[in-house]
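Biologist: I'm new to this one, so could you pick a single part and walk me through it closely? I'd like to see how two packed helices sit against each other.

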Amino acid sequence: MAHRNEDLTVGEMLRRHGISRRGFIKFCTAAASAMALPPLMGPAMAEQLRNVRRPSVVYLSFQECTGCLESLTRSFAPTIESLIFDVISLDYNDTLMAASGEAAEAARTQAMHDNFGKYVLVVDGSVPTGAGGGYCTAGGKSAEDILREAAKGAAAIVCVGTCAAFGGIPFADPNPTQAWPVTGIVGDKPIINVSGCPPIPEVITGTLLQFVSTGKVPDLDEHRRPKVFFGNTIHDRCYRRPFFDEGKFAKSFDDEGARNGWCLYELGCKGPTTYNACATLKWNGGTSFPIESGHGCLGCSEPGFWDKGSFYSALSNPAWGKAGEASPSEVLKLAGGAAVAGVAIGAASAAVSRMRQHRQEEQAVDNDPKGG
Amino acid sequence: MSRLAEIPIRIEPQAKAGGLGGGVTAILHEIVRLLERLATVDERAAIDLRSLPMSPQDRTELQRALGEGEVLATLNAEGISKIHETRVPGVWWVEHRDQAGELIAELIEVTRVPEILASASDEIAAGARALREQITTGAAARAR
């Protein structure tokens with residue numbers, strides 16, 4: 001009897017697609033590099049993966065903008081095609097799958113039934129609980145009910161993006177839909193947060209690959225993020241770090257310091273308090289990352305980043321850090337009072353920042369020998 | 001002259017480009033240490049160049065320091081990979097690209113020969129089976 005695709009090991013699936021062992025070692029070497037694992041782990045991971053059955057993955061999208069999925073589909077190493085076709089069995093994703101309507105929902109139910117206790121649940125987006133769950137429904141069920149049902153049989157849950165991990169923008173004050181991160185709804189399953197707005201594609205695929213190849217939840221930080229990707233701050237690994245150490249800072253986006261590529265700390269870069277891999281993995285297949293394009297880090301992979309005040313006020317400004325240091329549930333508790341105050345402080349700091357920028361522009365005009 | 005071309009472009013002086021600075025020397029010291037381990041206890045090792053905040057100048061400097069040796073292998077599997085032994089025996093520069101030509105991994109391997117080049121036991125056995133079958137089929141065809 002012919003094997004069903006979902007019964008095949010990764011190695012058998014690779015052979016079926018004409019991918020050689022060397023091709024797969026290369027794929028795993030690139031993935032290990034992306035995951036900052038020891039480089040010789042690539043061949044070892046290839047060997048392990050070749051003998052495991054492809055795990056079922058159910059990908060649920062709730063209150064989100066699809067930016068995370070857009071990011072995921074641009075993964076270079078491993079590519080999304082190789083991940084979907086060779087390493088995992090993506091049984092449900094309402095954006096990528098060909099089926100729609102009842103057929104799509106039936107595929108989800110079937111995959112969850114057949115792989116109960118073994119499938120990986122990926123969640124993208126926050127879960128709105130306001131209006132009786134009416135802000136986000138599919139097939140007549142609320143996002144919260146779908147999540148609770150899907151979480152029951154999941155081996156682990158991977159929260160893709162800051163919305164699923166920490167609530168993200170829907171969770172930001174005043175949180176009109178009463179949105180929650182997954183950790184606010186599900187408490188009895190291993191949860192891996194892959195935060196970022198969006199996350200780096202290779203961080204998403206790398207986390208999935210690592211879980212699939214080892215069958216274990218990787219080492220996580222206090223926000224449940226894999227330490228291999230979120231172990232260092234952007235600042236720790238930033239190529240502009242030598243300028244920070246030398247005390248060389250850009251004071252505006254078009255001054256001499258900015259043109260010389262100096263540190264963007266005084267222009268509001270949140271690199272020193274943001275844990276992510278942008279400075280090493282970079283974006284678009286390793287092309288660059290925001291700081292390389294001349295803009296400071298926004299801190300998008302940190303909890304509450306949207307409620308922390310201006311992106312353009314320096315970290316030494318006391319407005320930054322208040323919301324970010326609290327856990328999502330603490331932030332939610334604060335939502336009625338302190339978070340509102342935080343927005344007020346943020347608005348004030350933004351005004352100060354604008355005044356400062358304006359003053360610098362006036363100074364620049366004064367200093368301009370052509371008279372301005 | 002168009003307005004765009006009037007915008008002055010200044011080339012970054014090398015000293016201001018950030019990157020590793022004196023880090024290339026540190027990598028070379030690390031390679032020496034790994035070579036000693038390879039020579040004494042036959043331990044393989046690798047350095048992932050993409051994990052280091054290297055500037056293009058650092059990369060060029062490292063390439064110049066290690067040079068090119070006698071072996072250059074091209075692997076055509078899911079994209080082209082170039083694997084060459086540097087002037088220092090046992091030190092291999094490995095560059096993996098995907099099918100679109102994007103660099104997906106770049107390593108310095110300290111080993112007698114990179115593992116990806118060697119044939120695997122199960123594939124050797126499968127190759128032998130396939131070749132035997134080919135000979136048998138060929139003989140049968142000639143007999144007809």
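**A close look at one helix pair**

Modeller: Happy to. In this predicted model, look for helix 2 (residues 21-34) of chain A and helix 3 (residues 41-50) of chain A, whose axes come within 7 Å and cross at roughly 120°. That's the usual way to put it, since two packed helices are described by the angle between their axes and the distance between the axes. An angle from 65 to 115 degrees would count as roughly perpendicular and one over 145 as roughly antiparallel, so helix 2 of chain A and helix 3 of chain A are oblique to each other. Their crossing is right-handed.

Now for who touches whom. Helix 2 of chain A brings A:Phe24, A:Ile25, A:Cys28, A:Thr29 and A:Ala32 to the meeting. Across from them, helix 3 of chain A offers A:Met41, A:Gly42, A:Pro43, A:Met45, A:Ala46, A:Leu49 and A:Arg50. Sort the residues of this contact by character and you get nine nonpolar, two polar and one charged.

Helix 2 of chain A takes in residues 21-34, and A:Arg22 has a contact over in chain B, with B:Leu75. That leucine sits in strand 2 (residues 72-76) of chain B and counts as buried because it has 22 C-beta neighbours inside 10 Å. Beyond its close sequence neighbours, B:Leu75 also contacts B:Ser81, B:Ile83 and B:Ile116.

To put the pair in its setting, chain A has 16 helices and nine strands, and 50% of its 372 residues are buried.

Key: Residues are numbered from 1 along each chain as its sequence is written. Chains are lettered from A and ligands numbered from 1 in the order in which they are written. This is a predicted model: local features need pLDDT of at least 70, side-chain atom pairs count only at pLDDT 80 or more; totals for chains, interfaces and linings use all residues. Axes are lines fitted to C-alpha atoms, for helices over the stretch in contact, and angles run from 0 to 180 degrees between N-to-C directions. Helices (H or I, at least four residues) and strands (E, at least two) are DSSP runs, numbered from the N terminus. Angles under 35 degrees count as roughly parallel, over 145 as roughly antiparallel, 65 to 115 as roughly perpendicular and the rest as oblique. A crossing is left-handed if the near helix is turned anticlockwise from the far one by less than a right angle, and right-handed if clockwise. Two residues are in contact if their C-beta atoms, placed from the backbone, lie within 7 Å. Ala, Val, Leu, Ile, Met, Phe, Trp, Tyr, Cys and Pro count as nonpolar, Asp, Glu, Lys and Arg as charged, and the others, Gly among them, as polar. A residue is buried if 20 or more other C-beta atoms lie within 10 Å of its own, exposed if 12 or fewer, and partly exposed in between; C-beta atoms are placed from the backbone. Lists of a residue's contacts leave out its neighbours within four places in sequence.
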